[in-house]
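Grab a pencil and open the viewer. Below are some exercises, each with a worked solution.

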Amino acid sequence: MSKSLESIVLLGTAYSGSTALGMALHSTKNKLTYVGELSRAPGLFEKYQLDNIVGTCSACQINEATCQIFNSSLFKRLKDKHPSEAHRYLLRHLKTKTIIDASKHAAWLRLLAEETSIDKIRVLITVKNPKYYVQSCLDREIDSAWLAANAWRDTYFDTLRTLNRLGVSYFVVRNEDFMQNRANIIHSIESFLGLQYKIQPQTKPIHAIGGNPAARLEEQGSKKIRESARRLSKRVFDLNPLKTNPTEQQKITYDTQVLFDTPGLSDMANLLGYNAKDLL
Ligand SMILES: [Zn+2]
């Protein structure tokens with residue numbers, strides 16, 4: 001690994017598999033520490049206004065526990081820091097070599113690049129087939145298909161434009177490939193990052209801010225996840241009500257013609273590695 005690599009930043013839409021990927025990389029024991037969606041940390045959330053809801057440690061949220069790491073004392077120390085300072089603080093505080101930040105916003109990366117040399121940053125673009133992304137939004141009743149399709153295209157347009165403009169190295173992780181063959185994808189990412197492959201089973205919960213609770217099914221068990229979904233509001237605990245197993249394929253309930261009717265969406269999907277048949 002490059003000695004200077006400080007930050008691995010995950011960029012993409014919601015439901016693109018960033019939580020599962022971040023947790024899997026954390027578990028490789030390469031001194032990579034997944035911190036979750038840092039832009040949602042209390043203080044940074046209010047200051048930068050990139051997210052809809054403030055974040056808390058999802059492992060501790062499920063267990064109704066006070067987080068020993070991501071607690072009010074840490075958030076107090078982070079709140080006045082620029083994102084770059086927050087990363088450097090977390091590197092020292094968590095005694096790690098590299099932070100994995102799944103904030104996912106291109107705007108967050110632009111902030112980081114203001115005060116961190118780009119050779120200290122690598123980006124993993126996480127992407128879900130737009131067909132399944134739109135369905136995830138429809139399942140949660142948060143967007144119409146038309147709005148979700150536009151948001152998908154614009155997110156990746158902004159992501160690629162930002163990365164090319166800044167000159168940050170990146171690697172694209174399609175969620176469907178990751179779910180099908182995690183070990184191969186992790187291996188490819190480690191080659192990209194210049195890391196040794198040292199995967200070890202994760203025995204303790206991974207503390208991190210926010211993320212998709214479905215990615216914690218293996219860690220916490222489906223009973224606890226379902227209980228938490230009943231106890232917490234849909235807004236706070238963002239579990240897809242129609243899909244609680246992240247490996248099962250989503251049933252498409254809408255006319256996918258909307259994907260082809262969204263200007264530039266199929267070109268963007270093509271650029272990110274999808275074929276025409278993947279969108280049908
Ligand atoms: Zn925690």
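A residue is called buried here if 20 or more other C-beta atoms lie within 10 Å of its own, exposed if 12 or fewer, and partly exposed in between, with C-beta atoms placed from the backbone. Helices (H or I, at least four residues) and strands (E, at least two) are DSSP runs, numbered from the N terminus. You're looking at a predicted model: local features need pLDDT of at least 70, side-chain atom pairs count only at pLDDT 80 or more, and totals for chains, interfaces and linings use all residues. Residues are numbered from 1 along each chain as its sequence is written.

**Exercise 1. The sheet**

Work out the strand order of the open sheet, and say which strands stand at the edges.

Step 1. Strands count as paired if DSSP finds at least two bridges between them.

Step 2. Go through the pairs. Strand 2 (residues 32-36) and strand 3 (residues 98-104) run parallel and share four bridges; Y34, for instance, has I100 as its bridge partner. Strand 3 also pairs with strand 1 (residues 7-12), again parallel and over four bridges, and here L11 stands opposite K104. Strand 1 is joined to strand 4 (residues 121-127) by six bridges, in parallel, with I125 as the partner of L11 in strand 4. Finally, five bridges link strand 4 to strand 5 in the parallel sense, and V123 is matched with Y170.

Step 3. Put together, the five strands have the order 2-3-1-4-5. Strand 2 and strand 5 (170-174) each have a single partner strand, so one side of each is left without a neighbour in the sheet. From one strand to the next, the twist averages 25°.

**Exercise 2. Two covered strands**

For strand 1 and strand 2, sort the residues by the side they point to; is each side buried or exposed?

Step 1. Recall that in a regular strand the side chains alternate between the two faces of the sheet.

Step 2. In strand 1, S7, V9 and L11 lie on one side and I8, L10 and G12 on the other, and all are buried. That's six of six residues.

Step 3. In strand 2, L32, Y34 and G36 point one way, while T33 and V35 point the other way; all are buried. The tally is five of five.

**Exercise 3. One residue up close**

Why does I125 count as buried, and which residues is I125 in contact with?

Step 1. Find I125 in strand 4.

Step 2. I125 is buried because 22 other C-beta atoms lie within 10 Å.

Step 3. Contact means that the C-beta atoms of two residues, placed from the backbone, lie within 7 Å. Leaving aside neighbours within four places in sequence, the contacts of I125 are L11, G12, T159, Y170, V172 and V173.

**Exercise 4. Helix pairs**

Describe how helix 6 packs against helix 8, and then against helix 5.

Step 1. Axes are lines fitted to C-alpha atoms (for helices, over the stretch in contact), and angles run from 0 to 180 degrees between N-to-C directions. Under 35 degrees is roughly parallel, over 145 roughly antiparallel, 65 to 115 roughly perpendicular, and the rest oblique.

Step 2. Helix 6 (residues 106-115) packs against helix 8 at about 15°, with the axes 9 Å apart. So helix 6 is roughly parallel to helix 8. On the helix 6 side the contact uses A106, L109, R110 and A113, and on the helix 8 side D158, T159, T162 and L166.

Step 3. With helix 5 (residues 83-93), the axes come within 7 Å and cross at roughly 75°. Helix 5 and helix 6 are therefore roughly perpendicular. P83, S84 and H87 of helix 5 meet W108, L111, L112 and E115 of helix 6.

**Exercise 5. Helix 7**

How many residues of helix 7 are buried, and which helices do they pack against?

Step 1. Helix 7 (residues 130-139) has seven of its ten residues buried: P130, K131, Y133, V134, Q135, S136 and C137.

Step 2. These buried residues pack against helix 8 (145-166), helix 13 (257-261), helix 14 (265-271) and helix 15 (276-279).

Step 3. Look just past the end of helix 7, where E141 has a positive phi of about 55°.
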